[in-house]
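The following exercises concern backbone geometry, helix packing, surface character and salt bridges. Please work through each task before reading its solution.

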Amino acid sequence: MLSATELLELDREYLWHPYTSFTNPLAVLPVRSAQGVHIELSDGRTLIDGMSSWWSVLHGYNHPAINKAITDQVNQFSHVMFAGFTHEPAATLAKKLVEITPVGLNKVFFSDSGSVAVEVALKMAIQYWHSQGQAQRTTFLALKNGYHGDTFGAMSVCDPHTGMHHLFHQRFSRNLFAEAPSCAFDEKWDDRHFNDISNLIQRNRQKIAAVILEPIVQGAGGMRFYSPIYLQRVRKICDEMEVLLIADEIATGFGRTGKLFACEHAGISPDIMCVGKALTGGYITLAATLCNDKVSDGICNGGKGVFMHGPTYMANPLACAAANASIDLLLNNDWQKKVTNMGKQLQTELAPCRTLEAVADVRILGAIGVVELKQTADVATLQPQFVDQGIWVRPFGKLVYIMPPFIINTQELKKLTSGIFNVVSKL
Ligand SMILES: *Cc1c(COP(=O)(O)O)cnc(C)c1O
């Protein structure tokens, strides 16, 4: 086994981390194990996880039920190609997803990551219109501050300025961007919040294949929570103008916002929906793109007649087994009560941050807590301070935010919120 020093040397020599440089690397911490909400470092320190490893870990690390589901499946078979074969983990999971997602989403396409699920959604929309004899409809209307992933199609619908992909912009197909939804989650609705997107759709309907958005929570683009009425209005105008609606629930799915899927806040169903991140409870990468009958019939009854996509590891049985176990755990453990209680505790315990000099805003939705700073946080200086508090919080831009695993108890959550207060109060 490598010593911590050897590990860090190898890491420094060979490994890219997300959004990092070899010439000016950010510190990384060697992880030895993880259990429940605790991540144990190789020097023996443990951290309470506030990030759920980027929205994924719902039931904690090293959960016996998910471990068992994966090992049982390993002992059957780990993978077979999905062309010409099918298997129980995939079929069971597809049925479950159709049952728990908004009504009408009846068909499931599995892929390996959130970004690819978005690529698949965009391709479905383009192929749908191609089959309808409207091949000119290839433009997407996305929202400013939106984030949909790191691959080319996904990048092309991320915010072109505040997004992380500005430097690739020359390569992108031209898409349309509406102003970010300006009506906050509980704010009284005013129609002026809808003018911009409404005008854009009406003026460009002939070339728009679909509107793509993150329902209710704009995640990586600013952690903003917007009004369900905005989402209802988008659904309505998409129907009127005959434009498809793609909901990217990759971050919001599986209970995080207080509803199983964020679309439920508005009582709407999109034509196409992407899920990922928490799908396997944080165990193995897996994503899915669901669509309604209109889209699947449209694609299959015209043009090429087949949907033109097929990943090598499509519907990987280990990942599907983990997802089945994770969804069962979620549904059988009164997740809604848990998320409501986490939300209440976050409200109470993060409220004092509002009084701090460095803080611009504090907002909570479901089991997501956000402390927005007035100035961009320096991760390199803040990160070690959170670690000193015994918590894992990774600031991003002006945002200090947490979305802990649902199994966290009140003392552990208290440690997270007071750790945040302690660090932010020193800014
Ligand atoms: C994380 C995320 C993605 C990309 O998922 P990856 O698995 O990182 O490719 C896409 N959309 C949203 C809303 C996300 O939060």
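Helices (DSSP runs of H or I, at least four residues) and strands (DSSP runs of E, at least two residues) are numbered from the N terminus. The model is predicted: local features need pLDDT of at least 70, side-chain atom pairs count only at pLDDT 80 or more, and totals for chains, interfaces and linings use all residues. Residues are numbered from 1 along each chain as its sequence is written, and side-chain values use heavy atoms, with hydrogens and water left out.

**Exercise 1. Place L7 and describe the nonpolar patch that contains it.**

Step 1. L7 belongs to helix α1, which spans residues 4-14.

Step 2. Classify its accessibility: buried means under 20% relative accessible area, exposed over 50%, and partly exposed in between (1.4 Å probe, protein chains only). L7 has 34% relative accessibility and is therefore partly exposed.

Step 3. Apply the patch rule: members have over 30% relative accessible area and no salt bridge, with nonpolar side chains (Val, Leu, Ile, Met, Phe, Trp, Tyr) joined within 5 Å and like charges within 9 Å. L2, L7, L10, Y14 and L15 make a nonpolar surface patch of about 490 Å².

**Exercise 2. Describe the packing of α4 and α10.**

Step 1. Two packed helices are described by the angle between their axes and the distance between the axes. Axes are lines fitted to C-alpha atoms, for helices over the stretch in contact, and angles run from 0 to 180 degrees between N-to-C directions.

Step 2. Helix α4 (residues 88-100) meets helix α10 (residues 317-331) at about 40 degrees, and their axes are 9 Å apart.

Step 3. Angles under 35 degrees count as roughly parallel, over 145 as roughly antiparallel, 65 to 115 as roughly perpendicular, and the rest as oblique. The pair α4 and α10 is therefore oblique.

Step 4. A crossing is left-handed if the near helix is turned anticlockwise from the far one by less than a right angle, and right-handed if clockwise. For α4 and α10 the crossing is left-handed.

**Exercise 3. Examine the positive phi values of S53 and F254.**

Step 1. Most residues other than glycine have a negative phi.

Step 2. S53 has a positive phi near 45 degrees. S53 lies in helix α2 (residues 52-55) and is partly exposed, at 40% relative accessible area.

Step 3. F254, also not a glycine, has a positive phi of about 65 degrees. The loop between β10 (244-248) and β11 (272-275) holds F254, and its relative accessible area of 2% makes F254 buried.

**Exercise 4. Analyse the salt bridges of D72 and E179.**

Step 1. The criterion is a side-chain nitrogen of Lys or Arg within 4 Å of a carboxyl oxygen of Asp or Glu. By this rule, 14 salt bridges are counted.

Step 2. D72 pairs with K68, the closest N and O atoms being 2.7 Å apart. Both residues are in helix α3 (residues 64-76), 4 residues apart, so about one helical turn separates them. D72 is partly exposed at 38% relative accessibility.

Step 3. E179 and K144 form a salt bridge at 2.9 Å, N to O. E179 is in the loop between β6 (176-178) and α7 (195-204), and K144 in the loop between β5 (139-143) and α6 (152-156), so the pair ties together parts 35 residues apart in sequence. E179 is partly exposed at 43% relative accessible area, and K144 is partly exposed at 28% relative accessibility.

Technical notes:
Accessible areas come from the Shrake-Rupley method with a 1.4 Å probe; for residues, only the protein chains shown count as cover.
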